[in-house]
Amino acid sequence: MQLKTKLAASVLSALFVISCNKKEIHHEDPLLTNRDTTIVPGDDFFHYANGGWFKKNPIPTSESSNGIFRTIGDTINAQIKSICEKSAANINAVNGSNEQKIGDFYASGMDTVSIEKNGLKPLVATFSKIDAIKNVPELLNTIGYLHTTGAGPAFSFYVGQDDKISSKNALFFGQGGLGLGQRDYYFNTDAETVKIRTEYVKHIQTMMELIGDDAVKAKAAAATVMKLETELAKNSRKLEALRDPNKNYNKMSLAQFKASTPSIAWDLVLPQLGIKNADTLIVGQPEFYTGLDKVVATYSIEDWKTYLKWDVVNSYASYLNSAIEKQNFYFYSTVMNGVKEQKPRWKRIVEQTDGSLGELIGQVYIKEYLPKGSKEKLLEIGNNIREVYADRIKKLDWMSEETKKKALFKLSKIVMKVGYPDKWKDLSSISITRNDFCANVMAVNKWAYEDMIKKYGKPVDRTEWGMFPQTYNAYYNPSNNEICVPACNILVPGFEGRMPDDAILYGIIGGSTFGHEITHGFDDQGSQYDDKGNLKDWWTAEDKVKFNQKTRAIVAQFNKFEPLKGKFVNGDATQGENIADLGGIVMGYEAFKKTKQYKRQEKISGLTPDQRYFLAYGYAWKVQAKDESIARQIMSDVHSPAQFRIIGPLMNIPEFYKAFNVKEGNKMYLPEKDRVVIW
């Protein structure tokens, strides 16, 4: 997610001048240099704010996109690489220490000689277990076992907070088991999706040959997998249908679940999943399990064995020998995302090491790379956003006092997890070796699964974090009524070693981060949870009708956006993120208005405070993606493409119209009566 005489003057005005040791240091102002001033802001603010950067920085052949996330990601990857290499260089690190684990995991991923030598060795025991299946009970045992190893055949399962009793952990069963991820890939008839299905079957065939099948058997196996997965997809819900928390919350007794799926002996599956003494569970999509029951009853054991082998190799392809890894990359990165070549191996292994052992790496990261005062500054911005949010709620003209009181109470109870956790997870039981990369990944996956399972029957630990401090992202958890903003969100490219002005801080960190995540507590999903995180209606009936009218208006706006010819944004599936973007930019702006920079109305680089704020928000979504990646996002992601995360909300903001002289006739102009105001 985004000039000769005139150009020279513009570039000169884009330079900050800072005195340091009596020497002048010139810093480019990215808000100016990122722009494409040949574009009218009111026609396409996304490319106006970012087009200059896009022209200078085309998408690398090893990436599906380029922009602020990639820039910050590269910075963080370089830091993590240093941590990994230092750890790997210490071959005398104490066995079991964090340094040994990080170093050996990274070294094993870089040791391509051992990876090639090991071949399919890490999967041999699992394949043997699948080959030994003789009947349905053994099939079900094996499916349960595979879920504990990092694979995910047939369905999805996890232990998590009960949506209606947020203090308790519950068992969740949902749809899953699809190699293409989303059900629409199996049924849509547009040329691109048909091509993906065709390539998917070819991909499965090639992968089955790479694990030992001859060409004839592999072709038959691919057809079997596609047929079985299509049956699972038939009973799967569409992306937008998964967004209703009430319709996807179906609590039932184990006896009821068993009665609805007579072909599946859950008494065999649950112990394999590590679950004992289960009484109730929550089924997201009951019709999926009715369909799964029929697939278990009608498909042969041999068909299921073929499917399970495919699921296992598909789950671990990235950690195996070069031929399998490259074939996996070809389909999932080239075919589905338009990426032409792999990232350098060090970058792939750095990202995997961080993904697997990020809890350990984070402890080093905050000591060695986190700028001083980061946590405090983030908290300051977050608290300011919460304060203006309360002011906005109090002034809403569409909400009754009764509902306002409950909304304000919920807002006051939002927990802010900022920077890094106060306590770290205990990974001491994980054994990492230096010569088996895939086995190391399996060991971490096994630990993560067991860590999840042991929560069943225990009270929810509300202090637990779901992200690492070095993860450039954030989240809102409705069941905890909390937001989490990791430490590295303080980073702003172009301002290394210095603090950006408040317009930038509040546009990026305030609006697109804190404001966005807090608004998730009041979007179409989050608004259905109370202050304690329970799925419970706290609205008056009249206010709920008004709120739903406003959210439908957001859906209608985004349904009109066409990122690719003939492909439109799914307004229903993306509405939660679109509501959060709109709320975030409003709250960030309201908080920015309280700063000295705004009150003084001082210009920086010739830009007014309002212009800098909205350009900073545009900077937050400076992401340019390949067409294939955008097409996949439309099919499978609840986030709108970056272009419309800027254009969409700004079309509803009157201050934006004033700051950039947006008038009737401009492409982004909306009549005042059509602009949406929610929070």
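**A three-stranded sheet and its surroundings**

Author: In this predicted model, helix 20 (residues 502-520) lies across strand 8, strand 9 and strand 10. Its direction runs at about 155 degrees to strand 10.

Reader: In what order do the three strands of the open sheet stand?

Author: Strand 8 (residues 415-419) is joined to strand 10 by five bridges, and the two run parallel. Strand 9 (residues 475-477) is joined to strand 10 by three bridges, and these two run antiparallel. The pairing is therefore mixed, with strand 8 and strand 9 at the edges, each with a single partner strand. The order is 8-10-9.

Reader: Why is one side of strand 8 and of strand 9 left without a neighbour in the sheet?

Author: Both strands stand at the edges. One side of each has no neighbour in the sheet because each has a single partner strand.

Reader: Which residue of strand 10 is the bridge partner of Met416?

Author: Strand 8 and strand 10 run parallel, with five bridges between them. Tyr476 stands opposite a residue of strand 10, Ile483. The bridge partner of Met416 is also Ile483.

Reader: How many residues lie between strand 9 and strand 10 in their hairpin?

Author: Asn477 has Glu482 as its bridge partner in strand 10. In the turn, Asn481 has a positive phi of about 50 degrees. The number of residues between the two strands is four.

Reader: Which residues of strand 10 are buried on the side opposite Glu482, Cys484 and Pro486?

Author: In a regular strand the side chains alternate between the two faces of the sheet. Strand 10 (residues 482-486) has five of its five residues buried. Glu482, Cys484 and Pro486 are on one side. On the other are Ile483 and Val485.

Reader: Which strands does helix 17 touch as it packs on the sheet?

Author: Helix 17 covers residues 374-395. Its direction makes about 150 degrees with that of strand 8. The strands it touches are strand 8 and strand 10.

Reader: Which helix gives the most to the largest nonpolar core?

Author: The largest nonpolar core has 186 residues. Phe45 and Trp304 are among those with the most contacts inside it. The helix that gives the most has nine residues in this core: helix 19 (residues 437-453).

Reader: How many of the twelve residues of helix 3 are buried?

Author: Helix 3 (residues 45-56) is mostly covered. Its buried residues include Phe45, Tyr48, Gly51 and Trp53. The count is nine.

Notes:
Residues numbered from 1 in each chain as written. Predicted model: local features only at pLDDT ≥ 70, side-chain atom pairs only at ≥ 80, totals over all residues. Heavy atoms only, no water. Core = buried A, V, L, I, M, F, W, Y, C linked by side-chain atoms within 4.5 Å. Buried < 20%, exposed > 50% of the residue type's maximum accessible area, 1.4 Å probe, protein only. Pairing = 2+ DSSP bridges. Contact = heavy atoms within 4.5 Å. Axes fitted to C-alpha atoms, helices over the stretch in contact; angles between N-to-C directions.
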